Amino acid sequence: MAQEVKATTAKPTATTFGHVESIPRKNRRMTNWDLFATWIGANANNGTWYIGGVIAACGLVTASTTLIIVGLVSYLLLALASEMGYRTGLPAMALTRASFGLRGSFIPSIINVVQFIGWAAVNTFIAATSISYIFGELFGWPVYGKAGGNFGLIIGIVIMSVLHLLSISLGERSVRLIERIGIVLVVIFVVWESVVVFRMVSFRDILTWQPPHNLRMSSGVAADTLAAFNLAWVTAASDFSRFTAKKSAATTFSFLGANFGLFWFAFIGLFATIGTAVTLNHFDPNNSDPSTVAAKLGLGVLALLVIVLTSTTANAVNLMSAGSALTNMVHQLSLNVSLWIVTLVAAAVTFIPVYLASFLDVFEAFLDGIGMFLGPEIAVFLVDYFFLKGKQYRLAEFTKVRGAYWYTRGINWVAVASWLLGVVAYWGLKQVTVISTTIGATFIAMIITAVIYGLGMRLTHPAAAPVENKD
């Protein structure tokens, strides 16, 4: 069993750097079902539906093939990252101290705070759009996208922010409870939506539909878009697997749950968007969100309410991960305080597409930026744990100044340099047409980063052999 690192409220001393908390196996309560439901709930949401609608621009066959391949690869990495949390009992960003250094771990922590606040804002915006449609149905208010529709959207953002504060009020216990409730609503909604779509449009019509040439998306762009979406969860895996005493929950059930939620909601978003395009004889990727599609398919207020509730379940995971990353940077903050901070910041960020650009433009720019920074980071910390350290970390060293993971003034410059070179590789590969339009840049950049980091550490830290932390 992993050596326990006690939490402490004491201020860091000259020989310690903040604190980390390892959850002992005897105190872990999340079951196979809890991890399965958590990751279904994480992906069975508005953002996943929207992703399915966006890649509809590839056509059904290309979009489906890319969705399945990228999902399986991405969540294999999630299972590996989940195993790290299961074995050590540590949160995701605390674990990056071993690879990036105690201070260097601020880099992946900042990326996590930014990306999960961004994802919370994405889901909030889509749910707020649903609320504007609900207000339109109930009170006759203009819906978002029409003159005067911003008012209903803004009220929706406020309502969603209150729901999010309630959902994270008890930390991990709140998340576990809301995922158990949310999964039931998700099942009902998706079955209902599927029946409605296929009553209106035949599968043959959906299969043969092709997007307009000027709006067509290549398989490479779709792969990078999906990778940025999926890999975000890899950097949060340990935040939840550390609460289970079962390896199967951390690995197998996390992998299955994440893929199940992804395929379920992305496919329904894909089918619904194409079905709407066939029905209306018009395709607009800006109208791929579930609120707009549900309204155009005439599903009514109840469907919109379910969209709001599923957004809350997904954002419970987003906000937990952002809060956990913030505590790794600001040790004085408790997890609950961090959760409140990131929730309020996410509410503010949600207003960006209201005033600055279309939601689709903001969303695509966000995904492109996340994909560039995220893949190389994941490559570094997975290679470090599974290949260089042989699944064995010295947990007592995670807070020790001038300890095993202090490197050079708290930063492992080999990890930082490898990550930066990976970012550059991603950008460079995006400029190579044959790659950017076929298989995408993300996974190639990750492989390049992994090789650079592995060789760099072997050359500069040849004595870095596996130690301690026997399971």
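**Exercise 1. Find which residues Phe443 touches, leaving out those up to four places away in sequence, and place Phe443 in this predicted model.**

*Solution.* Start with the contacts: beyond four places in sequence, Phe443 touches Val70, Val73, Ser74 and Ala227. Next, look at where Phe443 sits, which is in helix α20, spanning residues 442–460. Then check its accessibility. The cut-offs to use are under 20% for buried and over 50% for exposed, with partly exposed in between. Phe443 has 22% relative accessibility, so it counts as partly exposed. Finally, take a distance along the way: Phe443 and Ala223 are 220 residues apart along the chain, yet their C-alpha atoms are separated by 9.3 Å.

**Exercise 2. Decide whether helix α2 is enclosed or open, using its buried residues.**

*Solution.* First mark out the helix: α2 covers residues 46–54. Now go through the buried residues, which are Asn46, Gly47, Thr48, Trp49, Tyr50, Ile51, Gly52, Gly53 and Val54. That is 9 of the 9 residues, so helix α2 is largely enclosed by the rest of the structure.

**Exercise 3. Work out which residues make the nonpolar surface patch of about 350 Å², and classify Val61 as buried or exposed.**

*Solution.* Pick out the members: Val61, Phe198, Phe203 and Leu207 make this patch. Follow Val61 back to its helix, and you arrive at α3, residues 60–88. Its accessibility comes last: Val61 counts as exposed because its relative accessibility is 52%, and the cut-off for exposed is over 50%.

**Exercise 4. In the loop between α17 and α18, examine the phi angles of Tyr407 and Arg409.**

*Solution.* Begin with the borders of the loop: α17 runs over 359–388 and α18 over 413–430, and Tyr407 is found between them. Tyr407 has a positive phi of about 55°, although it is not a glycine. Arg409 lies in the loop between α17 and α18 as well. Its phi is near 55°, again a positive value in a residue other than glycine. To finish, add the accessibility of Arg409: with a relative accessible area of 69%, Arg409 is exposed.

**Exercise 5. Find where pLDDT stays under 50, and how many contacts beyond four places in sequence the model has there.**

*Solution.* Take the chain as a whole to begin with: its mean pLDDT is 84, and 85% of its residues reach 70 or more. Then turn to residues 1–12, where pLDDT stays under 50 and the model has 27 contacts beyond four places in sequence. Residues 465–471 also stay under 50, with 26 such contacts in the model.

Technical notes: Residues are numbered from 1 along each chain as its sequence is written. This is a predicted model: local features need pLDDT of at least 70, side-chain atom pairs count only at pLDDT 80 or more; totals for chains, interfaces and linings use all residues. Side-chain values use heavy atoms; hydrogens and water are left out. Patches are made of residues with over 30% relative accessible area and no salt bridge: like charges are joined within 9 Å, nonpolar side chains (Val, Leu, Ile, Met, Phe, Trp, Tyr) within 5 Å. Accessible areas come from the Shrake-Rupley method with a 1.4 Å probe; for residues, only the protein chains shown count as cover. A salt bridge is a side-chain nitrogen of Lys or Arg within 4 Å of a carboxyl oxygen of Asp or Glu. Helices (H or I, at least four residues) and strands (E, at least two) are DSSP runs, numbered from the N terminus. Buried means under 20% relative accessible area, exposed over 50%, partly exposed in between (1.4 Å probe, protein chains only). pLDDT is the predictor's confidence in each residue, from 0 to 100. Contact means heavy atoms within 4.5 Å.
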